[in-house]
Amino acid sequence: VPIRPPDLVLAPILPELVLAGVAMLILLVDAARPSRGGRAMAVVAFVGVLGAAAVVLRQWHVPAADDLTVLGGMVAVDRFALFFRLVILGCAALGVLLGAHYLERTGEGRGEYYALLLFATAGMTLLASAADLIVVFLALEVLSLSLYVLTGFSWSRLASQEASLKYFLLGAFSSAFFLYGIALAYGAAGTTSLGGIAEALSGPGQSTALALAAGGLLIVGFSFKVAAVPFHMWTPDVYQGAPSPVTAFMAAGTKVAGFAALIRVTTVALGPVSWELLPALVAVSALTMVVGSILAIAQDDVKRMLAYSSIAHAGFVLVGVAAANQEGVSGSMFYLVAYAAMILGSFAVVIVVSRTGEGRTSLRSYRGLARRNPVLGALLALFLLSLAGIPPTAGFIAKVLVFEAAVRAGLEGLVVVAVLASVVAAFFYIRLIVLAYMEDPEETERVPAEAAPGVALGVAAALTLVLGILPGLLLDPLQNAAVLRW
Amino acid sequence: VTGGFPWLTVTVFLPLVGAVALLAAAPLPRRRPEAGGFAGEDPWRWLALLVSIATFVVSLGILTEFRAEPGFQLVEDLDWIGPLNIRYVLGVDGISLFMVLLTTFLMPLAILASWRVDRQVPYFMASLLALETAVLGAFVALDLLLFFVFFEGLLFPMYLVIGIWGSGRRVYAAVKFFLFTMAGSALLLVAILFLAFRAESALGQVTFDLRELVGMDLPAATARWLFLAFFLAFAVKVPLFPLHTWLPDAHTEAPTAGSVILAGVLLKIGAYGLIRFNLTLFPGASEDFRGLVITLAVIGIVYGAVVALIQTDIKRLVAYSSVSHLGFVVMGIFAGTLQGMSGGVIQMVNHGLSTGALFLLVGLLYDRTHTRDLDRLGGLARRTPVLAGFFLVVALSSLGLPGLNGFVGEFLILLGTFDASRLPAVIGATGVILSAIYLLWAYQRSMHGDLPSELESTPDLSVREYAFMVPIVLAIVAIGVFPKPLLDRIEPAADRHVRLIAVDPASADAVRATGGG
């Protein structure tokens, strides 16, 4: 049988090509002329991210060919993918900004930070558009490997290296789960393409047991990436140990990309067995919200607290995923945008308060913050209120959307658990606001304003507020991005 | 959309505009105010005062446009969140009208009373104004989710006001307030979403619009669950026994303006929510739970009064008196008679005025004596006759002396409840007696008897203090003498609501007879 090579339609993966190309350029230039401070590389990386975003925007307005997948059914061409690419690129842009500021302070401004960040971004965007389990796996590895190295980027700091190793070991473990899931899925369906699996599973006489095992393992693999309980163990250590801009970028980007792929796999490939997988998703969602919220209370380091908060938020997004209806998909998408804005904003505050490196991350350092810098205090309060889901912030609307989808799907019990978890969570967000607003500062020195984090803070705060007051701006374009066929 | 001037939107958001302006102006240079004086102060107080007065003036526009009819008026209806059909719907009826006016009336007085707050003044004033927007929004929102946004939105500014500018255990009180209220309203969100979703099968599309949801058919068991979810949220706010424990702490530790707004307006959102949402949306379940609610209300009346009786902290005393008085309001609302409902609504206004005034007076006392301990006060009537006079009038109003405002509401409530169910009315009436005891006793202990030597040189009211005491006392007397304008506007709406759960829908005449005072 003659092998017919697939048509090479590269336009739909142009954003990834731009990102990888710029990353390689940075690597080459940095190898030839090791930079001092790396500011030039930051600019190049930033331009690269903007370039990729420009390509995505163009594709949004000029829909691609009628084919819904390219490269032999490997990559999906739909607005769902484009939407997530934009969100991820936004996270990357802020990651570059925050990184440039942070590395300049610590004197670790090496060019490979930007190269690795762009590679990770390319992996994330590819993950969002993968239409085949093999590509999902490839993209996961691309982003994970880059992040393992980024986590250990401060090689003089033991915590950073330890976090890197932990992340790597547990990440490798989860990759094995995921691969096993792919193998079983292939066994059940005879194909690894998402559409193909769906078709095979909906046919008569299929081995449901095998498909369920495959689905379960894939969900486990994703749960590692999005930090869902009980696969969240790595999160606090890694978020705390990694350099703060890396934490910010990965807390936002990995979760967004991981959920993009999770949503695609569960709604498309596992659509026919979604009813059977529902209890698993509901259980993971409920556990994640409850455990994340409760454990966050016991933390006295702000990065660890935000790590548990980010775990809890994975649970809230899962509420929308478990709803398994179109409202759930668009609700989860909205949630992820809101989450990315508020978690990036929170970590940007952490970076400014730390001044240099990883200092001042204990909760005590936030005492009297509002008096030492009123604007920073107000921004922190805004992000925390949004994380807690208090109107009029994006976090509130996001919760309303996923809860509505879940109620519609008959999951009232899960929503009750979710709102109770929100109340628990409010406790520790409020505690930080108490420290910032109602306690006397330990240091009286004013926290200085900084340009690069200032931009990141401004963008994140604007998104958090605007999406809370005028959510229609995002929800309307979401309506046709939340339709998933591939 | 009626197409006319957007009275409600302007009233609701004017304070927020002022708050934003204050935050923007916060970096301006500051000067410390002279104690008790008007002149030579930084601009923020004046800005806040002007904005709040302007809001009051605009809200008078609502009053002039209002017709004494049962339905919602001045309705504004815009798309907000299209895909979920969540709308920006505002409107007033006879019940919310006076809640709005009460809010806009009390706010300038509260700001005047806070003239001597000297820490982070622009932020304090901005918090108060943001709070006003949230409260006003909650009173006029007719879309359930929009209501929830305002309802939750008022938490944070109030929390700041208590936690930053409060006294003593302010942080504890602020966190307790926040968590109690948030926990109470968590299930409210689920219930709202559930209700809106049920509308899809019952009415053809998802809607959060109260006007469309009214009269929707719900299975009795579902309606009961939803009733409880709504009830929990509002019962915490009212607060109804046994969910009241946040209130004494919050009221006591809040600064004067915070206590005035908290007691005067915030608690009313709970009672208002019970009328607007519980009774309207779940009339069947409201009847089922009437016995329970009235029992809790009666326990609250007696318990609040008894606990108030043994307080030595005068601010705590007033706080517990609120628990007692709000019990009356809830009893009236759930009595199922027009008198009860009208009385409940007018008592909400009266309690806002009387208790607001009491907290203002406690603030005046504290400013002068730096104590709230009744054992350390006494004989002040000799040094501050005007203050004592105001205190007496307000105390008499609060205990329901005929001729002052408190009487009208309490009388109607007791009358209305007696018609429906005798025992609660009889037990509740003891609350009236007890309130006379604890209020007059508090007056006696602070104003009569021996004057402690350290209070020898206590000054009487200043011009600024007259400026906020005179309007509120005038309002108290005016409503007491001539409540008809209020009743005329409240009655149609009250009648509409009471028919939903009425024991005796035709009992509309007695109220007119008593309405003239």
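Visitor: Which residue follows α7(B)?
Guide: Gly204(B) comes after α7(B), and its phi is positive, near 100 degrees. The model is predicted, so local features need pLDDT of at least 70, side-chain atom pairs count only at pLDDT 80 or more, and totals for chains, interfaces and linings use all residues; side-chain values use heavy atoms, without hydrogens and water. Residues are numbered from 1 along each chain as its sequence is written, while chains are lettered from A and ligands numbered from 1 in the order in which they are written.

Visitor: Why is α7(B) called a helix?
Guide: A helix is a DSSP run of H or I with at least four residues, numbered from the N terminus. Helix α7 of chain B covers residues 170-203, which is 34 residues, so the rule is met.

Visitor: What span is expected of α7(B), and what does the helix reach?
Guide: The expected span is 1.5 Å times one less than the number of residues. For α7(B) that gives 50 Å, and the helix reaches 47 Å from its first C-alpha to its last, close to the expected value.

Visitor: What makes Glu200(B) and Arg408(A) a salt bridge?
Guide: The term requires a side-chain nitrogen of Lys or Arg within 4 Å of a carboxyl oxygen of Asp or Glu. The side chains of Glu200(B) and Arg408(A) come to 2.9 Å, N to O, so the pair qualifies. The count between chain B and chain A is 1 salt bridge, and over all chains it is 29.

Visitor: Which parts does the pair of Arg85(A) and Glu16(A) tie together?
Guide: The closest N and O atoms of this salt bridge are 2.8 Å apart. Arg85(A) is in helix α3 (residues 79-106) and Glu16(A) in helix α1 (residues 14-32), both of chain A, so the pair ties together parts 69 residues apart in sequence.

Visitor: How many residues of chain B are in contact with chain A?
Guide: Contact means heavy atoms within 4.5 Å. By that rule 32 residues of chain B touch 34 residues of chain A. The buried area (accessible area, with a 1.4 Å probe, lost by two parts on being put together, summed over both) is about 3000 Å² between the two chains, with 82% from carbon and sulfur atoms.

Visitor: What makes one space a pocket and another a cavity?
Guide: On a 1 Å grid over the protein atoms alone, a 1.4 Å probe fits in a cavity but cannot get out, whereas a pocket is an open set with protein on both sides within 12 Å along at least five of seven lines; lining residues have an atom within 4 Å of a point. A volume is the space filled by probe spheres set on the points, which are joined across faces, edges and corners.

Visitor: What is the volume of the largest cavity?
Guide: It is about 130 Å³. The structure holds 7 cavities of 30 Å³ or more. Of the 14 residues lining the largest cavity, those nearest its centre include Gly389(A), Ser422(A) and Met182(B). α7(B) gives the most to this lining, with 4 residues.

Visitor: How much space lies in the largest pocket?
Guide: About 1700 Å³. It is lined by 46 residues, and among the closest to its centre are Leu465(A), Leu16(B) and Ala130(B). α15(A) gives the most to the lining, with 7 residues.

Visitor: How does the lining of the largest pocket divide into nonpolar, polar and charged residues?
Guide: There are 37 nonpolar, 6 polar and 3 charged residues. Nonpolar means Ala, Val, Leu, Ile, Met, Phe, Trp, Tyr, Cys and Pro; charged means Asp, Glu, Lys and Arg; the others, Gly among them, are polar.

Visitor: Where does a cis peptide bond join Val229(A) to another residue?
Guide: The bond leads to Pro230(A), with omega about 5 degrees. Pro230(A) lies in the loop between α8 (208-226) and α9 (234-241) of chain A.

Definitions and conventions: Helices (H or I, at least four residues) and strands (E, at least two) are DSSP runs, numbered from the N terminus.
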